[in-house]
Amino acid sequence: MGHLISSTSMLQAARDQGFGITAFNVHTLEMLQAVVEAAEETHTPLILQTTVGTVKHLGPEYIVSAAQTAAKLSSIPIALHLDHCTDYDLIVKCIRAGYTSVMIDASMHPYEENISRTKEVVKVAAAAGVNIEAELGKVGGVEDDIVVEEEDARLAVPEECAAFVEATGVPTLAPAIGTAHGIYKGEPKIAFERLERIYAGVSVPLVLHGGSGIPEEQVKRCVKYGMAKMNVATELRIAFSDAIKAIFAGNPDENDPRKYMVPAKEAVKALAKSKMEMAGCIGKANAVR
Ligand SMILES: [Zn+2]
């Protein structure tokens, strides 16, 4: 019925109404279909996203056409986002292919350089009606080829967040607040007091990275303080892979991909619904239009 839309207004509506929208990293057609079905069945707005590694693995055109097909066949608002990209040329390539949201991750550079690199992307993406996400501070953990050791992770500075949004015009901001990519060893140590100050100084929707394994109560607190987008990557990959491993454990000779892809898809779908529930976006498809 529809087509892919920019996530800017979706996320602004979510922030204004006090809920979060889940953004799922997908790596295969089945993972994409699983989260789309989860969203369609529950009438939930959806952000599909891919890492740079997945863009290189599948090619942006295949990803865009699958996401466009999902948008066409379903009744919910769907955006397609490029996660953690450091490469301006690849961002432009993905926008041309049909991505409706991009992240420029220049968080490894000094503050002023992060501003100038983000501004370059805002210029090209905004003209194309595409959402832009930038990061301040540095989220720890491993995301594709980006490895940030625990001692190198940095929290975002509230005053810098406000000045950064002002200087760049970026419509969504990912401030590092103590969450990490991958699986947490203990409970994540989220800097809520800092998040509250960021929320007070910035009117654009905020993005929660490292959304795998954050306890429900902490997710809800993040959403309350402006985290309108919650990224889920690692847990989804694990659910998908574990379901396949279980099939092969029971039947090592299985050689029909549909026999192991169907349970993997079901596992992803169930997990996606539970994350949507946590973020509070179930049934909100019409609330973001
Ligand atoms: Zn991230």
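Me: Let's start with Arg 117. Which helix is Arg 117 found in?

Reply: This is a predicted model, so keep that in mind as we go. In it, Arg 117 belongs to helix α6, which covers residues 111–127.

Me: How do I tell how covered Arg 117 is: buried, exposed or partly exposed?

Reply: Count the C-beta atoms around it: 20 or more others within 10 Å make a residue buried, and 12 or fewer make it exposed. Arg 117 has 19 other C-beta atoms within 10 Å, so it comes out as partly exposed.

Me: Which residues does Arg 117 touch, if I skip those up to four places away in sequence?

Reply: With those left out, Arg 117 touches Ile 104, Ala 106 and His 109. You can also look at Thr 168: it is 51 residues from Arg 117 in sequence, yet their C-alpha atoms are 9.2 Å apart in space.

Me: On to helix pairs. What do I look at when two helices pack?

Reply: Two packed helices are described by two things, the angle between their axes and the distance between those axes. Here, try α4 (residues 60–73) and α5 (residues 88–97): the angle is about 40°, and the axes are 9 Å apart. That is why α4 and α5 are called oblique to each other.

Me: Is the crossing of α4 and α5 left-handed or right-handed, and which residues meet there?

Reply: The crossing of α4 and α5 is right-handed. From α4 come Pro 60, Glu 61 and Val 64, and they meet Lys 93, Cys 94 and Ala 97 of α5. Sorted by class, that contact has four nonpolar residues, two charged ones and no polar ones.

Me: Now strands. How many residues of β2 are buried?

Reply: For a strand, check each side in turn. In β2 (residues 46–50), five of the five residues are buried. Leu 46, Leu 48 and Thr 50 lie on one side, with Ile 47 and Gln 49 on the other, and both faces are covered.

Me: In which sense do β1 and β2 pair?

Reply: Strand β1 (residues 21–25) pairs with β2 in the parallel sense, over three bridges. To find your place, look for Asn 25, which stands opposite Gln 49 in β2.

Me: Let me try the same reading on β8. Which way do its residues point?

Reply: In β8 (residues 172–175), Thr 172 and Ala 174 point one way, while Leu 173 and Pro 175 point the other way, and all are buried. As for its pairing, β5 (residues 131–136) and β8 run in the parallel sense over four bridges. A handy landmark is Leu 136, which stands opposite Pro 175 in β8.

Key: Residues numbered from 1 in each chain as written. Predicted model: local features only at pLDDT ≥ 70, side-chain atom pairs only at ≥ 80, totals over all residues. Axes fitted to C-alpha atoms, helices over the stretch in contact; angles between N-to-C directions. Helix = DSSP H or I, 4+ residues; strand = E, 2+ residues; numbered from the N terminus. Parallel < 35°, antiparallel > 145°, perpendicular 65-115°, else oblique. Left-handed = near helix turned anticlockwise from the far one by under 90°. Contact = placed C-beta atoms within 7 Å. Nonpolar A, V, L, I, M, F, W, Y, C, P; charged D, E, K, R; others polar. Pairing = 2+ DSSP bridges.
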